[in-house]
Amino acid sequence: MHLYVYDHCPFCVKARMIFGLHQQPVELSFLLNDDEIIPHQLIGKKMLPILVKDDNSAMGESLDIVDYIESRSATPMLSEQQSPALAQWLSDVGVYVNKLLLPIMPTTDFAEFLTASSRDYFTEKKQAYVGDFAALIAQRATLVEKINQDLLRLAEIIVAPHAVNGTLSYDDIHLFPLLRNLTLVKEIRWPKAVAEWRDALSTQTAIPLLFDLAH
Ligand SMILES: N[C@@H](CCC(=O)N[C@@H](CS)C(=O)NCC(=O)O)C(=O)O
């Protein structure tokens, strides 16, 4: 199977996680962010992740891909258990965290941003809904302080180092991509319980964290 992704994309990380958890090999391709042709050819719109299955049919939507790999496994790994506290936390943080993270993305060495035109494409598209990147970069210290406070709250929600609810669930799939992207931000103060969970999920999914790219 073949998975088309962007490295910065939280939905793509969700799809990558399920392959890692099941230790199922998948061929990964990182598309340039301004490549509209391949996604359109595969699913008729410009959106990743896309899984091309063994029968050559293409599937979009991260959670459909997660469910597809789960349902094919003799030993499904994700419980349906949901933490209302985590859902609330993700919703609260979702209000502002893109203002911190999106302006950083085109300054990284991610494969999807290797060309000037791919960086320009991303910047123009994301600024249209999150706001001017230069203005957001000026707010970075305030946004970092907000997430540092919220990570303290998250530490109280995490039940066990290997799984946010004590056993692996879709909640782990929802949380890990955000925390992975936050490893790009060098000023983050990681509470111990959050750092342990983050590292354990990175190990279990075989998806590297981004500290090497942090600035
Ligand atoms: N509901 C979709 C959302 C996927 C999504 O929003 N992907 C973004 C990247 S994070 C995308 O491809 N956006 C179009 C673009 O970047 O041009 C899913 O869960 O897979």
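**The ligand and its pocket**

Trainee: What occupies the largest pocket here?

Mentor: The ligand takes up the space of the largest pocket. A pocket is an open set of points on a 1 Å grid over the protein atoms alone, where a 1.4 Å probe fits, with protein on both sides within 12 Å along at least five of seven lines. A molecule sits in a pocket if more than half of its atoms lie within 2 Å of the grid points.

Trainee: What kind of model is this?

Mentor: This is a predicted model, in which local features need pLDDT of at least 70 and side-chain atom pairs pLDDT 80 or more, while totals for chains, interfaces and linings use all residues. Residues are numbered from 1 along each chain as its sequence is written, and side-chain values use heavy atoms, without hydrogens and water.

Trainee: Which residues surround the ligand?

Mentor: Those with a heavy atom within 4 Å include Y6, F11, L48, P49, S62 and K125. By class, the shell has 7 nonpolar, 1 polar and 3 charged residues; Asp, Glu, Lys and Arg count as charged, Ala, Val, Leu, Ile, Met, Phe, Trp, Tyr, Cys and Pro as nonpolar, and the others, Gly among them, as polar.

Trainee: Which side chains have an N or O atom by an oxygen atom of the ligand?

Mentor: For the side chain of S62 the distance is 2.7 Å, and for that of K125 it is 2.5 Å. Both are polar contacts, pairs of N or O atoms within 3.5 Å. The protein buries 85% of the 510 Å² that the ligand exposes when taken alone, by the Shrake-Rupley method with a 1.4 Å probe.

Trainee: Changing topic, is the peptide bond from L48 to P49 cis or trans?

Mentor: That bond is cis, with omega near 10°. Most peptide bonds are trans. P49 lies in the loop between α2 (37-43) and β3 (50-52), where helices (H or I, at least four residues) and strands (E, at least two) are DSSP runs numbered from the N terminus.

Methods: Polar contact = N/O pair within 3.5 Å; in protein donor to acceptor, adjacent residues only side chain to side chain. 1 Å grid on protein atoms, 1.4 Å probe; cavity = no way out; pocket = protein on both sides within 12 Å on 5 of 7 lines; lining within 4 Å.
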